[in-house]
Amino acid sequence: MIRSVIIGTGSALPTRRVSNAELAETVDTSDEWIVERTGIRFRHIAGPDETTATLAADACRAALGSAGLAADDIDLIVLATATPDQTFPASATKVQAMLGINDCVAFDVAAVCSGFLYALQVADSMIRSGAARRALVIGAETFSRILDWEDRTTCVLFGDGAGAVVLEAQDDPVGERGILAVRLHADGRHNDLLYVDGGPSTTGTVGKVRMKGREVFRHAVVNLAAVLTETLAVAGHTADEIDWLVPHQANARILDATARKLHLAPEKVVVTVDQHANTSAASVPLALDTAVKDGRIKPGDLIVLEAMGGGFTWGAAVVRL
């Protein structure tokens, strides 16, 4: 059995770190208001020389170092983002060039906050089919570039960053290692609850993020609990076997509500939203790398990744490291 195994993780954050107090100097908000409603205390904002592709490339270099591989060992790059450097070509090809890889399959996936999970399943499917042996799967965003900084209901929620994993095909993984199950969903009827009000074929502009937070919260808790249960069942595991839940870092209250629905202890949930805010497609791999680097997540742990984003799209993955 060929299985995709995560053999390295990496992440990258913009240099500038912005506190709630600093944000309150230019936005009609306060540290107390943001923390109470979201759990967010800090976010990183990309500078003029930092883009989705540069952050993604830095995360990939870290992941390759973690895996002990050279860039030339990679034959597939899948980059999940809603904020590409250009309309085309794909930002994945820019990352490829930055890493010095002359030829490999490279393309972007767009599923907003669920993008990393969509990218993970695409790469996993290609590896299982034999189309690739080693892949970089990336989530990277510069969401600050599409925020309306006069809308305090959205601009306080997001940050910039990137996370990446190296997947390797292993014919006989030891101890059930690898991606055990991924389940993805989408329901386009909810477009108007979370979207960007622009695009090349409609307005000819990039547009800004718009969201109806209360409705998104309600759908997120229900959908995430359901897809987690579904994916665990497919993988042949139960919630009480999970070592770590690595969720999309959208809102601390969503994380708490999802954990309660699964009867998971809070100490089993990786939480980075307080430090990074919502980094969209980057949030799951960024949180994963943070927990791997600080020693919480160890080889052999059973972890579950989950996310929901605009579309709506949502999904989960069960992985043995």
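Let's start with what covers helix α8. Its buried residues are covered by elements that include α7 (213–235), β11, α9 and β12. The helix spans residues 252–261, and those buried residues are Ile254, Leu255, Ala257, Thr258 and Ala259. Keep in mind that this is a predicted model. An α-helix has 3.6 residues a turn, so residues three or four places apart point the same way.

Now the ends of α8. Asn251 caps the N-terminal end. One of the side-chain oxygens of Asn251 lies 2.7 Å from the backbone nitrogen of Arg253. After the helix comes His263, with a positive phi near 60 degrees.

α9 was in that list of covering elements. Gln275 sits in α9, residues 273–276. Is Gln275 buried, partly exposed or exposed? Partly exposed, at a relative accessible area of 28%. The side chain of Gln275 makes a polar contact of 3.3 Å with the side chain of Asp274. Then there are the contacts from further along the chain. Setting aside neighbours within four places in sequence, Gln275 is in contact with Arg17, Phe42, Arg43 and His44. The C-alpha atoms of Gln275 and Ile40 are 6.7 Å apart, with the two positions 235 residues apart along the chain.

Next, the sheets. β11 and β12 belong to an open sheet of 4 strands, ordered β8-β13-β12-β11, and the pairing is mixed. β8 (178–186) and β11 (244–247) are the edge strands. Each has a single partner strand, so one side of each has no neighbour in the sheet. From one strand to the next, the twist averages 15 degrees. β8 and β13 (residues 313–320) run antiparallel, joined by 8 bridges. Within that pairing, Ala186 has Thr313 in β13 as its bridge partner. Helix α5 lies across β8, β12 (302–309) and β13, at about 130 degrees to β8.

There is another open sheet, with 5 strands in the order β1-β7-β6-β4-β5. Its pairing is mixed too. The edges here are β1 and β5 (105–109). Each pairs with a single strand, so one side of each is left without a neighbour in the sheet. Neighbouring strands are turned by 20 degrees against each other on average, direction ignored. Inside the sheet, β6 (residues 134–142) and β7 (residues 160–170) pair antiparallel over 9 bridges. Ile138 stands opposite Ala164 in β7.

Which strands does helix α3 touch? α3, residues 52–67, packs on this sheet and touches β1, β4 (76–80), β6 and β7. Its direction makes about 125 degrees with that of β1. α5, residues 115–129, lies across β1, β4, β5, β6 and β7. It runs at about 165 degrees to β6. So α5 lies across strands of this sheet and also across strands of the other one.

Back to edge strand β1, residues 3–12, and to Arg3 in it. Arg3 is buried, yet has no salt bridge. The nearest side chain of opposite charge is Glu176, at 5.9 Å. The salt-bridge cut-off is 4 Å, so that pair does not count. What does the Arg3 side chain reach? The backbone oxygen of Arg177, at 3.3 Å. Not counting residues up to four places away in sequence, the residues touched by Arg3 include Arg128, Glu168, Gln170, Glu176, Arg177 and Leu180.

That brings us to charge pairs. Side chains of opposite charge can pair when their charged atoms come close. How many salt bridges does a search of the whole structure find? It finds 13.

Three examples follow. Glu36 and Arg37 form a salt bridge at 3.9 Å, N to O. Glu36 is exposed at 55% relative accessible area, and Arg37 is partly exposed at 31%. Asp187 and Arg189 meet at 2.6 Å. Asp187 is buried, at 15%, whereas Arg189 is exposed, at 71%.

Last pair: Asp197 and Arg210, at 3.1 Å. Asp197 lies in the loop between β9 (194–196) and β10 (209–211), and Arg210 is in strand β10, so the pair ties together parts 13 residues apart in sequence. Asp197 is partly exposed at 34%, and Arg210 is partly exposed at 22%. Asp148 joins in as well: Asp148, Asp197 and Arg210 are linked in a network of salt bridges.

Definitions and conventions:
Residues numbered from 1 in each chain as written. Predicted model: local features only at pLDDT ≥ 70, side-chain atom pairs only at ≥ 80, totals over all residues. Heavy atoms only, no water. Helix = DSSP H or I, 4+ residues; strand = E, 2+ residues; numbered from the N terminus. Buried < 20%, exposed > 50% of the residue type's maximum accessible area, 1.4 Å probe, protein only. Contact = heavy atoms within 4.5 Å. Polar contact = N/O pair within 3.5 Å; in protein donor to acceptor, adjacent residues only side chain to side chain. Lys, Arg positive; Asp, Glu negative; His and termini not counted. Pairing = 2+ DSSP bridges. Axes fitted to C-alpha atoms, helices over the stretch in contact; angles between N-to-C directions.
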